[in-house]
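Trainee: I should like to work through this model with you, beginning with how one of its helices is placed. May we look at it together?

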Amino acid sequence: MDITESLIKLWNSTGVANFVQPVDPNITNGFEQFLHQFGSPIMILVCLFLLWLGIKKQFEPLLLVPIAFGGLLSNIPVADIAGPNGFLGIIYEAGIHKGIFPLIIFMGVGAMTDFGPLIANPKTALLGGAAQFGIFGALLLALCVFGFTLPQSAAIGIIGGADGPTSIYVTSKLAPELLGAIAVAAYSYMALVPVIQPPIMKLLTTKEERKIQMSQLRNVTKREKIVFPIVVLGLCIIFLPDACPLIGALTFGNLCKECGVVERLSDTMQNALINIVTIFLGLSVGSKLSADQFLTLQTLFILVLGVTAFALATAGGVIFAKVMNACSYFMHKVFKKPLNLVNPLIGSAGVSAVPMAARVSNKVGLEENDQNYLLMHAMGPNVAGVIGSGVAAGILLALCG
């Protein structure tokens, strides 16, 4: 091999020579040809933008930063970092494709969650259930309007649960080709809860409703907190075994927290374990941010459907809270039962963005009445939403898996 051939070989192995792909004669559409040729540099710019959102704007930085960096690595030419033999590809296969990482994160979430407000006021579980309307509303839109397949529609709909690990788990099982777009949409909209929810909450409630003050929650005993995760898992085993991987991981983590005899295990799940898995989860999800999978019209549709799912979930919780109040008024008038009103603002916390959605409910309530502290009341539907999204995931997997 002479020096010229050696230099050509060296040049062809550089990133500069491979960033722009050659023209594909089989692609006749000009825009598609442009994306084919310049997809990698475009996606690198997209990933840099996601890094900026995570670092500068602090939009879910714990996951958006590793997802964006994983996207950068996956778009490096020649290196094949996200390929089957690349280290991101190996991590993805072991942790995402097999569904291990989201389950471990659910264990950590369970170990960090206090179900006390839900136990103290069980009817708020209905608000967490009502918020899951966003999942099924977006599913129907994706299926009937945008032309996605049923498994793809189910994966898109789960964004409405506002639960990143659940979105990743369901998508990896039903529509892995959409994983990058759905993960970015899910975590971006979770970070935008303080922006998306308040206008919807105010639109659907009156000033008087937002001023409703709720009575203080009762104290929940340690025994109740220990029994609760076992009962939840038992009901899941009986009625929806497909949801048991997610609900089982959640309840195990919560039981370790509440039983008080395995503090080391609970502490590990809350800190070291969930942090380690978050790193690998983010990087491996980012490996799906390649140009051919992300730069499509489907991605735009997913972003639109994602925010629609979020809006429907928020509206579903608020409207159902108003329905509960109407029932309370009816029982008071007809049967002379005492009024037990719910501030409709806590219905918006039925999405499982814990504790961000509960904080938003509290903030909007304080704007109308500076003595109206709704945080603990809103935590009831908020943690119910975590369970609800897991149950919804089980339903979708049973229907579409």
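Mentor: Certainly; please bear in mind that this is a predicted model. We may begin with H4, which is largely enclosed by the rest of the structure, because 10 of its 14 residues are buried.

Trainee: Which helices do the buried residues of H4 pack against?

Mentor: The buried residues of H4 include Leu-63, Leu-64, Pro-66 and Ile-67. Gly-70, Gly-71 and Ser-74 are also among them. The partners against which the buried residues of H4 pack are H3, H5, H12 and H17.

Trainee: How far apart are the end C-alpha atoms of H4, and what span should its residues have?

Mentor: H4 has 14 residues, and the expectation rests on 1.5 Å a residue. The helix should therefore span 20 Å, and the separation of its end C-alpha atoms agrees with this at 19 Å.

Trainee: Where in H3 does the kink lie?

Mentor: H3 covers residues 30-55 and reaches 35 Å from its first C-alpha to its last, close to the 38 Å expected. Its kink is about 75 degrees and comes shortly before the proline Pro-41. The residue at the kink is Phe-38.

Trainee: What covers the buried residues of H3?

Mentor: Buried positions in H3 include Gln-33, Leu-35, Met-43, Ile-44 and Cys-47. The cover over the buried residues of H3 includes H4, H12 and H18.

Trainee: At what angle do the axes of H12 and H19 cross?

Mentor: In this pair, Ala-181, Ile-182, Ala-185, Tyr-189 and Met-190 of H12 meet residues of H19 that include Thr-299, Ile-302 and Phe-310. By class, this contact has 10 nonpolar, 2 polar and no charged residues. The crossing is right-handed. The axes come within 9 Å, and their crossing angle is roughly 35 degrees.

Trainee: Is Leu-240 buried or exposed?

Mentor: Leu-240 is found in the loop between H15 and H16. Leaving aside neighbours within four places in sequence, its contacts are Leu-235, Val-391, Gly-394 and Ile-395. The cut-off for a buried residue is under 20% relative accessible area. At 16% relative accessibility, Leu-240 therefore counts as buried.

Trainee: What is the separation of the C-alpha atoms of Leu-366 and Arg-210?

Mentor: Leu-366 is found in H20 and is partly exposed, with a relative accessible area of 27%. Not counting residues up to four places away in sequence, Leu-366 touches Asn-372 and Tyr-373. Arg-210 is 156 residues apart from Leu-366 along the chain, and the C-alpha separation is 8.9 Å.

Trainee: What is the phi of Lys-336?

Mentor: Lys-336 lies in the loop between H19 and H20. With a relative accessible area of 67%, Lys-336 is exposed. Its phi is positive in a residue other than glycine, with a value near 60 degrees.

Trainee: Where is Gln-58 found?

Mentor: Gln-58 has a positive phi of about 55 degrees, although it is not a glycine. At 58% relative accessibility, Gln-58 counts as exposed. Gln-58 is found in the loop between H3 and H4.

Trainee: Is the peptide bond from Val-354 to Pro-355 cis or trans?

Mentor: Pro-355 has its place in the loop between H19 and H20. The omega of the bond from Val-354 to Pro-355 is near -10 degrees, and the bond is cis.

Note on methods. Residues numbered from 1 in each chain as written. Predicted model: local features only at pLDDT ≥ 70, side-chain atom pairs only at ≥ 80, totals over all residues. Heavy atoms only, no water. Helix = DSSP H or I, 4+ residues; strand = E, 2+ residues; numbered from the N terminus. Expected span 1.5 Å × (residues − 1). Bend = angle between axes of the 7 residues up to and from the residue. Buried < 20%, exposed > 50% of the residue type's maximum accessible area, 1.4 Å probe, protein only. Contact = heavy atoms within 4.5 Å. Axes fitted to C-alpha atoms, helices over the stretch in contact; angles between N-to-C directions. Left-handed = near helix turned anticlockwise from the far one by under 90°. Nonpolar A, V, L, I, M, F, W, Y, C, P; charged D, E, K, R; others polar.
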